Amino acid sequence: GIFRLSGSAAKIVELRKQIDTTPYTTDFTKFARDDIASSIKEFIRQLSEPLFTFALSNTWTSISQTTPYPQMSGGYAIEPENFSANESELKKTILLLPEDNKNLWIYLSGFLHLLSLSSDVNMMTPQNIGIVIGPNLLWQGTFRLPVIELN
């Protein structure tokens, strides 16, 4: 699935340079899907702190520990009927994010939702997306390994 395979290190660097210099006219058709996906993961990993922030780390951890995780089916890590149990806490915590983080999360989650709608083709169910993207949203301390170094 998308995000599970690494793109070409050279292409990722080239894409990053194009986005940095001409963000509104970057021609994404010159790049493979895995190059683009790796670039997205690398961008999120290279933020100075996690997208969900160090300051809110304990809050995210608390929410995840109180969220019911029933037997998984349909590709959901949290079954839709049980999601409302912590939905308000999740929304409140998202609202506490710095404005830039909140905006990035809104766009990223919208993209990931659209990606999951084609999971029959790309194998990226919500659960699989959580597995490959989740660790990039919140991490402890200073340990970070850029995607490009994993290639």
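By helix I mean a DSSP run of H or I that is at least four residues long, with the helices numbered from the N terminus. With that in hand, let me start at L97, which sits in the loop between α4 (80-96) and α5 (99-116). Please keep in mind throughout that what we are looking at is a predicted model.

Although it is a loop residue, placed between α4 and α5, L97 counts as buried, at 3% relative accessibility, because the cut-off for that word is under 20%. Which residues does L97 touch, if we leave aside those up to four places away in sequence? They are L51, F52, T53, L56 and K102. One of these, T53, is 44 residues from L97 in sequence, and yet the two C-alpha atoms are 7.4 Å apart in space.

F52, which is among the contacts of L97, brings me to the aromatic residues. A search of the whole structure finds four aromatic pairs. One of them is F52 with W60, a stacked pair with 4.3 Å from centre to centre and 20 degrees between the planes. Both partners are buried, F52 at 10% relative accessibility and W60 with a relative accessible area of 9%. A second pair, F54 with W139, is edge-to-face, with the centres 6.4 Å apart and the planes at 90 degrees. Here F54 belongs to the loop between α2 (33-45) and α3, whereas W139 belongs to the loop between α7 and α8 (147-150), so this pair ties together parts that lie 85 residues apart in sequence. The two partners of that pair fall into separate classes of exposure, since F54 is partly exposed at 35% relative accessible area, while W139 counts as buried at 9%. Returning to the stacked pair, I would add that F52 and W60 join W105 in one aromatic cluster.

W60 also leads us into helix α3, residues 57-66, where the buried residues are S57, W60 and I63. How are these buried residues arranged when one looks down the axis of α3? They fall within an arc of 130 degrees, and they therefore line one face of the helix. The other side of α3 carries N58, Q65 and T66, which are exposed.

Helix α3 also takes part in the largest nonpolar core, which has 20 residues in total, and to which α2, α3, α5 and α7 each supply at least two. Which residues have the most contacts inside this core? They are F3 and L137.

F3 deserves a closer look, since it is found in the segment before α1 (9-21) and is nevertheless buried, with a relative accessible area of 3%. Setting aside neighbours up to four places away in sequence, F3 touches A37, I40, K41, F111, L112, L115, M124, V132 and I133. The backbone of F3 is also worth checking on the screen, as its phi is near 80 degrees, which is a positive value in a residue other than glycine.

A positive phi is found at M123 as well, where the value is near 65 degrees, again in a residue other than glycine. M123 lies in the loop between α6 (119-122) and α7 (126-137).

To close, I would ask you to keep two places in view: L97, a buried residue in the loop between α4 and α5, and F3, which along with L137 has the most contacts inside the largest nonpolar core.

How values were computed: Residues numbered from 1 in each chain as written. Predicted model: local features only at pLDDT ≥ 70, side-chain atom pairs only at ≥ 80, totals over all residues. Heavy atoms only, no water. Buried < 20%, exposed > 50% of the residue type's maximum accessible area, 1.4 Å probe, protein only. Arc of directions from axis to C-beta. Contact = heavy atoms within 4.5 Å. Phe/Tyr/Trp six-rings, centres within 6.5 Å; stacked < 30°, edge-to-face > 60°. Core = buried A, V, L, I, M, F, W, Y, C linked by side-chain atoms within 4.5 Å.
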